[in-house]
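Load the model in your viewer and keep a selection prompt ready. The stops below can be taken in order.

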Amino acid sequence: MIEVKAFNNTYMKSCSYCIYDDKTKEAYIVDPGDSECIMAFVSDKSLQPQGIFITHCHIDHVYGLNEVHNAYQQAKIYCSKETYKGLKDERINMSYIFSDDDFVTSEKDAYTFLSSTSRILCFGIPIIIMETPGHDIDCLTYIIGQNIFTGDCYSPDIQMQHCWFRSNKSDAKTSEQRIISVINQYDLNVCSGHYK
């Protein structure tokens, strides 16, 4: 059975997630933030991370990526091509504003680029990938089992921001409405990018 562990990160109240199966020990990480907490949980549960999903490139959702991937090098990193561009540019990922250290990644071989037409299996079942631009042009939303990982494209408790370098207010509203429609249609558990 697929379970989800949420991590409320100390940095900018962002959220990270570990999706896992306690029997098979297969696991996936979404938006790695506080790497020590994530790695401690994975170790405690004896999990084997197979992939890391990135919803978008902003620093508050990726600041633990390098450490987590170094620990689990077998795990592929899944994101959009635009996310990868942002991960290589501190202006786009905004680490130059919000962090003492600029965040940059360059290890292209570890990345698999996704779009809404991509086909990926997790736990032997296909996941659904939605392109949800607006908060940033690179945003992806993932449906894994009965869980939807929305990043900063939708939160039931927090108003989405669309004031960044690559944001678009109209696209943001359209993406948010699509996500809400899918949540209501399939009665999904919302795993958003921030907590109150």
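Between which two strands is the loop that holds K13? K13 sits in the loop between β1 and β2. The model is a predicted one, so treat each stop as a reading of predicted coordinates.

**Stop 1: the loop between β1 and β2**

Select K13 and look at its backbone. Its phi is near 55 degrees, a positive value in a residue other than glycine. With a relative accessibility of 41%, K13 counts as partly exposed. Now add M12, which is found in the loop between β1 (2-8) and β2. M12 also is not a glycine, yet it has a positive phi of about 55 degrees. Its relative accessible area is 38%, which makes M12 partly exposed.

**Stop 2: the largest cavity**

Next, search for enclosed space. Over the whole structure there is 1 cavity of 30 Å³ or more. The largest cavity holds about 30 Å³ of space. To display its lining, select C15, Y17, V30, D31, T55, F149, T150, G151, C191, S192 and G193. Colour this lining by class and you get 5 nonpolar, 5 polar and 1 charged residues. Which elements each supply at least two residues of the lining? They are β2, β11 (147-151) and β12. The largest contribution to the lining comes from β11, with 3 residues.

**Stop 3: S192**

Keep one of the lining residues, S192, and hide the rest. S192 is placed in strand β12, which covers residues 189-192. Is S192 buried or exposed? S192 has a relative accessible area of 8%, so it is buried, the limit being under 20%. Its side chain reaches the backbone oxygen of H194 at 3.4 Å. Beyond its neighbours within four places in sequence, S192 is in contact with C15, Y17, T150, G151, Y154, S155 and P156.

**Stop 4: the largest pocket**

From S192, move to its polar partner H194, which is also one of the residues nearest the centre of the largest pocket. The others named there are D60, H135, D152 and Q161. In total, 19 residues line this pocket. By class, the lining has 9 nonpolar, 8 polar and 2 charged residues. The space in the largest pocket is about 270 Å³.

**Stop 5: the largest nonpolar core**

In soluble globular proteins, nonpolar side chains tend to be buried together. Here, the largest nonpolar core has 26 residues. Select C18, I52, L65 and Y111, which have the most contacts inside this core. Two or more residues come from each of β2 (15-21), β3 (26-30), α1 (35-45), α2 (59-62), α3 (65-71), β5 (76-79) and α4 (81-87). Of the elements, α1 gives the most to this core, with 3 residues.

Centre the view on I52 and show what surrounds this residue. Setting aside neighbours within four places in sequence, I52 is in contact with I29, P32, L65, V68, H69, A75, K76, I77 and Y78. Apart from the largest core lies another, of 18 residues, which include F53, L114, I127 and I144.

**Stop 6: C79**

Select C79 in strand β5. Its relative accessibility is 0%, so C79 counts as buried. Which residues does C79 touch, not counting those up to four places away in sequence? C79 touches I54, Y84, Y111, T112, F113, L114, L140 and Y142. Draw a C-alpha to C-alpha distance from C79 to F113 and the value is 5.2 Å, for two residues 34 apart in sequence.

**Stop 7: S35**

Go to S35, found in helix α1. S35 is buried, with a relative accessible area of 12%. Leaving out neighbours within four places in sequence, S35 is in contact with G64, E67 and V68. V68 was already on show among the contacts of I52.

**Stop 8: D171**

Finish at D171, in helix α7 (residues 169-186). D171 is partly exposed, with a relative accessible area of 34%. Apart from neighbours within four places in sequence, D171 is in contact with P133 and G134. For a last distance, take the C-alpha atoms of D171 and C191: they are 20 residues apart along the chain and separated by 21 Å. C191 returns you to the lining of the largest cavity.

Technical notes. Residues numbered from 1 in each chain as written. Predicted model: local features only at pLDDT ≥ 70, side-chain atom pairs only at ≥ 80, totals over all residues. Heavy atoms only, no water. Helix = DSSP H or I, 4+ residues; strand = E, 2+ residues; numbered from the N terminus. Buried < 20%, exposed > 50% of the residue type's maximum accessible area, 1.4 Å probe, protein only. Polar contact = N/O pair within 3.5 Å; in protein donor to acceptor, adjacent residues only side chain to side chain. Contact = heavy atoms within 4.5 Å. Core = buried A, V, L, I, M, F, W, Y, C linked by side-chain atoms within 4.5 Å. 1 Å grid on protein atoms, 1.4 Å probe; cavity = no way out; pocket = protein on both sides within 12 Å on 5 of 7 lines; lining within 4 Å. Points joined across faces, edges and corners; volume = space filled by probe spheres on them. Nonpolar A, V, L, I, M, F, W, Y, C, P; charged D, E, K, R; others polar.
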